[in-house]
Amino acid sequence: MKYKSQKVAYWFFALSMLLLILQLVYGFIMGFARIGMDGLHEFIPFNTARAVHTNLLVVWLLSGFMGAAYYIIPEEAQRELVSVKLAYVQLISLALVGVTAIVGFHFNWWEGRKFLEIPHQLDYLVVANVLLFLALILLTLFRGKRKTTTALVLTMGLVFAALLYLPGMLPFDSQVTDSFFRWWVVHLWVEGVWELIMGGILAFLLIKLTGVDREVIEKWLYVIVGLTFLSGVLGTGHHYYYIGVNKIWLVVGGIFSALEPLAFLAMALFAVNMYRKGEKKHPNKIALFWTIGAAIVSFVGAGLLGFAHTLPQTNLYTHGTLVTAMHAHLAFWGAYAMIVLAIISYSLPNMTGRKLYDGVRGRVAFWTTNIGMIGMTMAFGIAGVAQVYLERKYKMEFMEVQDQVSIHFVVLIICASLFAFGVITYIADFYKHGRPNDEAMETIKDPFQ
Amino acid sequence: MLSKQQARAFFLIGTVVTFLAFIGLTIYSFSDGNDQTNYENITPAVVRGKFIWEENNCMGCHTILGEGGYYAPELTKVVERRGEGLIKAILMSPVPWEPNGRKMVAYGFTSEEADDVIAFFNWIGEIDLNGFDRIVSPLAKDQITKN
């Protein structure tokens, strides 16, 4: 840690970890409900659990991204954050809005628009919160000594993410137009601007961990985010095939979705090549595991498994089935969860001064979470494919099919338990690092600086 | 090999061009003659029905137009398949509807509210879904009877 204000990041990461644990709890509630153990139905019915599960994912990732920005931007801009106090205000307000939304879901206070369940009134608070965050980041960047490509791409991702929240707040009478613009938020976030954020964090980590020249890494960063937008923007069309809009989207969505894996392939190749190119190796092996892991798993989860059902001919059968849940789990894990865990693993020793670089816990966390998540993805995948055949090819009733595939959810819960064990191990490591402190500024010397 | 300036130009030009194309296609697909969203048949009852649908996060379990929670059945064309009477009874039921043991929240809607939701389902059922409703069974009633 080079600047005192980078410590703010720690608390954003801590909030992230807390929300991640809660997300797992709600995931288990849904998993058990699927095998008929729905004992909490009266208090937490499936739709509540689902809204909480997906919204917590978004909030913990955003909290992680914000923490990453508060850590990365001062170091890249070579100056302290413009205001540490306001950063804490932003953190607390983020936590309050998040918690209010989650609690509200339990009292039937939401807008039932998949992934955007946060009610309108709270949307305005979210906007105010994000504006404060952006003001702090942008001011720091522009008053800084240098404006690096890594910092610019990361910031651009955060600014676009904020702008693209707005179409989701428009009211529509038609379910079709509603859905159409809802995807401007959901798709353009996860298959567009969030990839900029991921790319920015990835570039920062690769510069720090491999010691490869910044110019080389940043050139490829442009190529990757270029590919992301080139394919991802028009790739939004794959959500428009069968929701009641024009057939033009079948063609446009099909072609550009097929290109979407390229950005992730480039990201994976880039990360592995930079790692191999780097002659000096940073001692923080765990951070390296998560960084390279994020690039590779995102290619499999987001790139390949996404491609598995984005062609209109395939999607006609898989649209609205568990196949989507299969792709979504590995994609979010690889692309966004792992990159947040990577930046936490990298920055935590620097902020706290404790070099728990290569402990057993770190490795156990990495492997058990990944094996658990791959198992969950396979369970969802097999259930999904079975559902497609039974329900859509052999025309069985929805509920009969659900009974047939429920065994896969037993497997899912077992794999999820392994995954949860890994997450808890990761968080134990997080806790063992202790609190951030100013002394860490002197005790840690980054080998490449 | 690509220089950093060229890489940046690729990013900027690619982004601007695809965004413009995306906005252009959006305008195209909602323009007269290309629009197939069935918006002209939206009545106040449909709007109220949609509001009830959202207010209770029905999409958290059910799917509609293929989007939703995958926990409960697809409801596009549900009126055709199940008939208004049964749907109304389920919506107004004071105890959880429990097909095959999987529970639905007991909403206990009033008769008017249930009618609004049914109006919403009827409106959804008329949308042109590019073949999704014809090919994917058991969405359409005729598909079931054919088998």
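Tutor: Before we start, contact means heavy atoms within 4.5 Å. This is a predicted model, where local features need pLDDT of at least 70, side-chain atom pairs count only at pLDDT 80 or more, and totals for chains, interfaces and linings use all residues. Residues are numbered from 1 along each chain as its sequence is written, chains are lettered from A and ligands numbered from 1 in the order written, and side-chain values use heavy atoms, leaving out hydrogens and water.

Student: Cool! What is Arg102(B) in contact with?

Tutor: Skipping neighbours within four places in sequence, its contacts are Arg34(A), Phe398(A), Met399(A) and Gln402(A), plus Tyr71(B) and Trp97(B).

Student: And which side chain of opposite charge is nearest to Arg102(B)?

Tutor: That is Asp403(A), 6.1 Å away. Arg counts as positive and Asp as negative, as do Lys and Glu respectively, while His and the chain ends are not counted. Arg102(B) has no salt bridge, meaning a side-chain nitrogen of Lys or Arg within 4 Å of a carboxyl oxygen of Asp or Glu.

Student: New topic: is Leu316(A) buried or exposed?

Tutor: Leu316(A) is buried, since its relative accessible area is 10%; buried means under 20%, exposed over 50% and partly exposed in between, using a 1.4 Å probe and protein chains only.

Student: What does Leu316(A) touch?

Tutor: Beyond residues up to four places away in sequence, Leu316(A) touches Tyr242(A) and Arg392(A), and from chain B Gly131(B), Phe132(B), Ile135(B) and Val136(B).

Student: How far is Leu316(A) from Ser347(A)?

Tutor: Their C-alpha atoms are 44 Å apart, with their positions 31 residues apart along the chain.

Student: Last one: what does chain B span along its principal axes?

Tutor: Its C-alpha trace spans about 65 × 35 × 35 Å.
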